[in-house]
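Me: Got a minute to walk me through this one? I'd like to start with contacts.
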2 protein chains.
Amino acid sequence: MQPFDVLNPACPSRTVLRHLTDRWTPLVVGVLAAGPARFGELRDQVGGVTAKVLTQTLRSMERDGLVVRRALATMPPRVDYELTALGRTLVEPLDALRGWAEQHAGEVLEARSSYDEATL
Amino acid sequence: MQPFDVLNPACPSRTVLRHLTDRWTPLVVGVLAAGPARFGELRDQVGGVTAKVLTQTLRSMERDGLVVRRALATMPPRVDYELTALGRTLVEPLDALRGWAEQHAGEVLEARSSYDEATL
DNA sequence: GAAACCGAGTACCTCAAGGTAACCGAAAGA
DNA sequence: TCTTTCGGTTACCTTGAGGTACTCGGTTTC
């Protein structure tokens, strides 16, 4: 019934999944979930991202239909980014993952240190 | 209240999230969600993964406390992998993401082609 | 005696994501 | 006149994830 299967390496859903799980997409979606934001706001809120990579990430998300870009020809320029309807359906699953990372980071850190201790 | 924040680049949850979203972890979790599996079964079901990289992925997941490895000293050797309790809490969020990719792959593909067409 | 089986380990290589630094244009403020 | 602002672009470089190919250890099967 479902034509797409991520376990099949040739399936397009595989590359879609890789896109969703790249370095910055989950964080950008998380910030935009609160509402539209300017380029500079995104750069400031997503800690550690450079302007170049943020641009690349946003372009890729725009191409995938997750985000709309609205550029105002004012000076200095102002550019707003907003999630599309499709992008908004991603908020819940990505938020769940972000939440998991934050909730269970402590346990993972513990597991790592006992593993490292055991394999000295 | 929550000490971890993925938007902070220095926060450990950031690296935890990156681990969860690496190339093979979501797929391995998806397969192991159905129950324990042998190394060879995993290699066969997760299309496109090589033995070396599967080993690396499983070691990393074991270190993070997501998976247990049970090696039987039979000949030829038999090694079973199983999700831990912590790993099982990952099934739902990662499955949601996999499901999203499979459900919306078509829309993403469409968005890409109209974007590419518009920017000729 | 040779080959297959299973779950690896190791050396080597490739390639693309991501980072750094410099620059841009037009307007407004000092 | 000089700098700052904003949202980029470009050239260049680094790095590490991941891929290829080869090896191994015993035991069973042919």
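Reply: Sure. Contact means heavy atoms within 4.5 Å. Keep in mind that this is a predicted model.

Me: OK, what does B:Trp100 touch, leaving out residues up to four places away in sequence?
Reply: In chain A, B:Trp100 touches A:Val16, A:Leu20, A:Leu66, A:Leu86, A:Thr89, A:Leu90 and A:Pro93. It also touches B:Ala105 and B:Val108.

Me: Which residues in the largest nonpolar core touch the most other members?
Reply: B:Trp100 is one of them, along with A:Trp100, A:Leu32, A:Leu42, B:Leu32 and B:Leu42. That core has 66 residues. In soluble globular proteins, nonpolar side chains tend to be buried together.

Me: Now A:His104. Buried or exposed?
Reply: Buried, because its relative accessibility is 13% and the cut-off for buried is under 20%. A:His104 sits in helix α5 of chain A, residues 85-118. It touches B:Leu86 and B:Thr89, not counting residues up to four places away in sequence.

Me: How many disulfides are there over all chains?
Reply: The count is 0. A:Cys11 is buried at 7% relative accessible area, and B:Cys11 is buried at 6%.

Me: Switching to DNA strand D. Which residues come nearest?
Reply: A:Thr55, A:Arg69, A:Tyr81, B:Arg23 and B:Lys52, out of 19 around the strand. By class, that surface has 9 nonpolar, 3 polar and 7 charged residues.

Me: Which part of strand D's atoms within 4 Å of the protein is sugar or phosphate?
Reply: 72%, and the rest belong to bases. For instance, a polar side-chain atom of A:Arg59 lies 3.4 Å from a phosphate oxygen of DNA strand D. For B:Arg23, a polar backbone atom is 3.3 Å from a phosphate oxygen of that strand.

Technical notes:
Residues numbered from 1 in each chain as written. Chains lettered and ligands numbered in written order. Predicted model: local features only at pLDDT ≥ 70, side-chain atom pairs only at ≥ 80, totals over all residues. Heavy atoms only, no water. Helix = DSSP H or I, 4+ residues; strand = E, 2+ residues; numbered from the N terminus. Buried < 20%, exposed > 50% of the residue type's maximum accessible area, 1.4 Å probe, protein only. Core = buried A, V, L, I, M, F, W, Y, C linked by side-chain atoms within 4.5 Å. Disulfide = S-S within 2.5 Å. Near = heavy atom within 4 Å. Polar contact = N/O pair within 3.5 Å; in protein donor to acceptor, adjacent residues only side chain to side chain. Nonpolar A, V, L, I, M, F, W, Y, C, P; charged D, E, K, R; others polar.
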